[in-house]
Amino acid sequence: MKKNNMYFKLYSDNVIIKGAKNYLIYDLTLSRIKEIPELLFFVIKECEIMTYEQVKIKNKDIKKGIDTYINHLINDNWGTFVSDVAAFPEINFEYLRPSKISHAIIELNFNETHKKTHQKAIFELMNFNCNHIQFIISDKKKSEYFDFINKIIYKSNFTSVIIKSQFDGNEYDEQKIRCYLQNNKRIKKIFFFDADVEKTIIISEPFTSKLILTKQPMNTCSVKQPVYILNRLFFYESLHKNNCLNGKICIDKNGNVKNCLYIDEIFGNIKKNSIKSIIDNTKFCNLWDLSKDKIEICKDCEFRYMCFDCRFLLSDKANTISKPLFCNYNPYE
């Protein structure tokens, strides 16, 4: 069958995103993007309901340009010709998560919040089937905290654990840290901040994990420039939810429960409240639903579903739906 009697169709995992002035194709499998002109956007849409020949007849003044663009898309594996469009349905972009809380950040300081209180909160997170947990050690006596973490997560259902700590040359014992990583497959990374060197040690046996020493300070938000992530899960989440805060719970060293450690608003305290009561009976989950389509300027940006959001560093601190401070891109220009 000649291509003129067929339909041109992008592969199902290639999605066109329209911005205020520009258009991008996201490849959710190969994690790549392609900018296309507005005219090609409309041509591709017409190709979904008209044969290739019909599209070129309708746009006869630019049919040579259409051939050039479509052949380029085919040669670069963005799409193909098909005889039956209905045989290639669109992907369902519904976003579902098996657990209400997917990741947690806990700042440990037993001087401020008792060890048993932290333990109770961690067990409750396990009951929520929380997959990912990050521990921040904000006190000295690092070995006590590492022993606590190692013991409590050893038989847990967490799939990944990250530990962040201040570097202290007097307490730092690299061999002992290596043992934590080698003996507990759930610990994926251990960071030491404010170190005097930049160093990464990869532990490949029996599981792949990393010990990272960095000169960077610990008590700062790491999102200070645009971060782009392009894959199916991140795209689906960004369509419906806030891709930073959705499913996240943070507990500071005083036991206060927040959406983000750096955001001031407090929704309860684990010394007095269960985690379930906090997320069920407060406005805690409101920011989870603040997708890029609801954020000023971002909603008109062609990069919005691959751009990591931040609700701490805002361009207007008084406006919770203002765009991130670190972004200087203008989708209207």
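**Reading contacts in a predicted model**

Modeller: Lys 258 has a relative accessibility of 9%, so that residue counts as buried. The cut-off for buried is under 20%. Keep in mind that this is a predicted model.

Colleague: Which residue does Lys 258 meet in a salt bridge?

Modeller: General idea up front: side chains of opposite charge can pair when their charged atoms come close. Here the partner of Lys 258 is Asp 252, with 3.8 Å from N to O. The cut-off for a salt bridge is 4 Å, so the pair makes the list. Asp 252 is buried too, because its relative accessibility is 8%.

Colleague: How many salt bridges turn up by this rule?

Modeller: The count comes to 16. One of them joins Asp 280 and Lys 100, whose closest N and O atoms are 3.5 Å apart. That pair ties distant parts of the chain together: Asp 280 belongs to helix H8 (residues 275-281), Lys 100 to the loop between E5 and strand E6 (103-108), and 180 residues separate them.

Colleague: Are Asp 280 and Lys 100 buried or exposed?

Modeller: Neither label fits. Asp 280 has 38% relative accessibility and so is classed as partly exposed. Lys 100 also comes out at 38%, so partly exposed is the label there as well.

Colleague: What about the salt bridge between Asp 309 and Arg 311, how many Å from N to O?

Modeller: Those two side chains meet at 2.8 Å. Asp 309 has a relative accessible area of 1%, so it is buried, and Arg 311 at 7% is buried as well. Elsewhere, salt bridges with shared partners join Lys 100, Lys 276 and Asp 280 into one network.

Colleague: Let's move to rings. How many aromatic pairs does a search of the whole structure find?

Modeller: The search finds 22. To read a pair, take the distance between the ring centres and then the angle between the planes. For Phe 167 and Tyr 172 the centres are 5.2 Å apart and the planes stand at 50°, so this pair is tilted. An angle under 30 degrees would count as stacked and one over 60 as edge-to-face.

Colleague: Which residues form an aromatic cluster?

Modeller: Tyr 26, Phe 93, Phe 235, Tyr 236 and Tyr 305 form one.

Colleague: And charges over rings: which ring lies under the charged end of Arg 32?

Modeller: That's Trp 78, with the charged end of Arg 32 sitting 3.9 Å from the ring centre. Lys 164 gives another case, its charged end sitting over the ring of Phe 191 at 5.7 Å from the centre.

Colleague: Now the backbone. What is the phi of Ser 31?

Modeller: Phi there is near 55°, which is positive in a residue other than glycine. Next, check the setting: Ser 31 sits in the loop between strand E3 (23-27) and strand E4 (32-36). At 43% relative accessibility, Ser 31 is partly exposed.

Colleague: Where is Asn 77 found?

Modeller: Asn 77 is in the loop between helix H3 (63-75) and strand E5 (79-82). Its phi is positive, about 60°, although Asn 77 is not a glycine. A relative accessible area of 48% makes Asn 77 partly exposed.

Colleague: Helix packing next. At what angle do H4 and H5 pack?

Modeller: Read the angle and the axis distance together. Helix H4 (residues 115-127) and helix H5 (residues 142-153) pack at about 30°, and their axes are 12 Å apart. That angle makes H4 roughly parallel to H5, the cut-off being 35 degrees. Their crossing is right-handed.

Colleague: Is Lys 151 of helix H5 buried or exposed?

Modeller: Exposed, because the relative accessible area of Lys 151 is 71%. Compare sequence and space as well: Lys 151 and Asn 184 are 33 residues apart along the chain, while their C-alpha atoms are 9.5 Å apart.

Colleague: Zooming out, how many helices and strands are there in the protein chain?

Modeller: The chain has eight helices and 14 strands. Along the principal axes, its C-alpha atoms fill a box of roughly 75 × 45 × 35 Å. Of the chain's 333 residues, 48% count as buried, and Lys 258, where we began, is buried at 9%.

Notes:
Residues numbered from 1 in each chain as written. Predicted model: local features only at pLDDT ≥ 70, side-chain atom pairs only at ≥ 80, totals over all residues. Heavy atoms only, no water. Helix = DSSP H or I, 4+ residues; strand = E, 2+ residues; numbered from the N terminus. Buried < 20%, exposed > 50% of the residue type's maximum accessible area, 1.4 Å probe, protein only. Phe/Tyr/Trp six-rings, centres within 6.5 Å; stacked < 30°, edge-to-face > 60°. Lys NZ or Arg CZ within 6 Å of the ring centre and 35° of its normal. Axes fitted to C-alpha atoms, helices over the stretch in contact; angles between N-to-C directions. Parallel < 35°, antiparallel > 145°, perpendicular 65-115°, else oblique. Left-handed = near helix turned anticlockwise from the far one by under 90°.
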